[in-house]
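Visitor: I'm new to this and don't know how to read a protein model. Could you walk me through one?

Guide: Sure, let's put it on screen and go feature by feature.

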Amino acid sequence: MRIEDTDPARHAGIEYPMEVGAPVFAPIKVTEEKDKAVNVARQNAKLEYDRIMEQAEVLMKQAKALQARLDATEMVHSAKFGFNPIHGKIYHLYYDTRNSVNVLIQNGPSGWSCGIPDGWTYSMAVKKLGDSTWAVIEDDSSGALTVL
């Protein structure tokens with residue numbers, strides 16, 4: 001007795017060929033397919049993870065730069081100065097060891113005709129930004145000043 005004669009719906013659900021002329025097929029190795037799927041998922045997850053970590057590095061760099069500006073701002077606002085600083089202009093911060101206070105002035109270390117006053121130590125060059133924070137300016141080997 002033939003299966004398709006008694007139950008044609010059952011013949012369509014059988015997972016192996018039931019007739020001599022049926023197409024040949026091999027069973028799928030489930031374990032290998034799962035391994036391939038896991039490997040593809042890991043590759044995609046690693047790409048996404050690397051992209052997120054690059055973004056995190058950029059954010060950390062921005063956070064460090066902002067913290068440096070806030071530190072410089074606090075240092076400048078705790079310093080003594082007798083003028084109104086202008087946005088975009090570079091000023092210089094010195095430490096007066098005799099009075100134990102920071103001093104903000106317009107002269108840089110090379111701008112003194114008689115040299116830096118006794119007891120003063122040069123700290124850094126700073127620039128007032130448009131948002132009223134102060135950025136530390138670095139002097140490179142060519143003498144040009146750049147914002148950190």
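Guide: Let's begin with pairing: two strands pair if DSSP finds at least two bridges between them. One thing to keep in mind is that this is a predicted model.

Visitor: Okay, so which residue in β2 is the bridge partner of Y94?

Guide: That's V103. The strands involved are β1 and β2 (residues 101-105), which pair in the antiparallel sense over five bridges.

Visitor: What do β1 and β2 form, and how many residues lie between them?

Guide: They form a hairpin, with four residues between the two strands. Look at S100 in the turn: its phi is positive, about 55°.

Visitor: And over how many bridges do β1 and β3 pair?

Guide: Seven, again in the antiparallel sense. You can find L93 standing opposite M124 in β3.

Visitor: How should I step back and read the whole layout?

Guide: Walk from the N terminus and note each element in turn. Here the order is α-α-α-β-β-β-β-β, which gives three helices and five strands.

Visitor: Now burial. How do I read that?

Guide: Buried means under 20% relative accessible area. By that reading, 18% of the protein's 148 residues count as buried. Strand β1 (residues 90-96) is mostly covered, with five of its seven residues buried.

Visitor: Is V76 buried or exposed?

Guide: V76 has 1% relative accessibility, so it counts as buried. You'll find V76 in helix α3 (residues 30-77).

Visitor: Which residues is V76 in contact with, leaving aside its neighbours within four places in sequence?

Guide: F81, L104, V126 and W134. For a distance along the way, try V76 and Y91: they sit 15 residues apart along the chain, and their C-alpha atoms are separated by 9.8 Å.

Visitor: Where is T133?

Guide: In the loop between β3 (120-128) and β4 (134-139). The relative accessible area of T133 is 11%, so T133 is buried.

Visitor: What joins the side chains of T133 and D131?

Guide: A polar contact of 2.6 Å. Setting aside residues up to four places away in sequence, T133 also touches R69, T73, K127 and K128.

Visitor: Last one: how do I read the outside of the protein?

Guide: Check how much area is exposed, and which atoms supply it. This protein exposes about 11200 Å², and carbon and sulfur atoms supply 57% of that.

Terms used
Residues numbered from 1 in each chain as written. Predicted model: local features only at pLDDT ≥ 70, side-chain atom pairs only at ≥ 80, totals over all residues. Heavy atoms only, no water. Buried < 20%, exposed > 50% of the residue type's maximum accessible area, 1.4 Å probe, protein only. Polar contact = N/O pair within 3.5 Å; in protein donor to acceptor, adjacent residues only side chain to side chain. Contact = heavy atoms within 4.5 Å. Areas by Shrake-Rupley, 256 points an atom, 1.4 Å probe, with all protein chains shown as cover.
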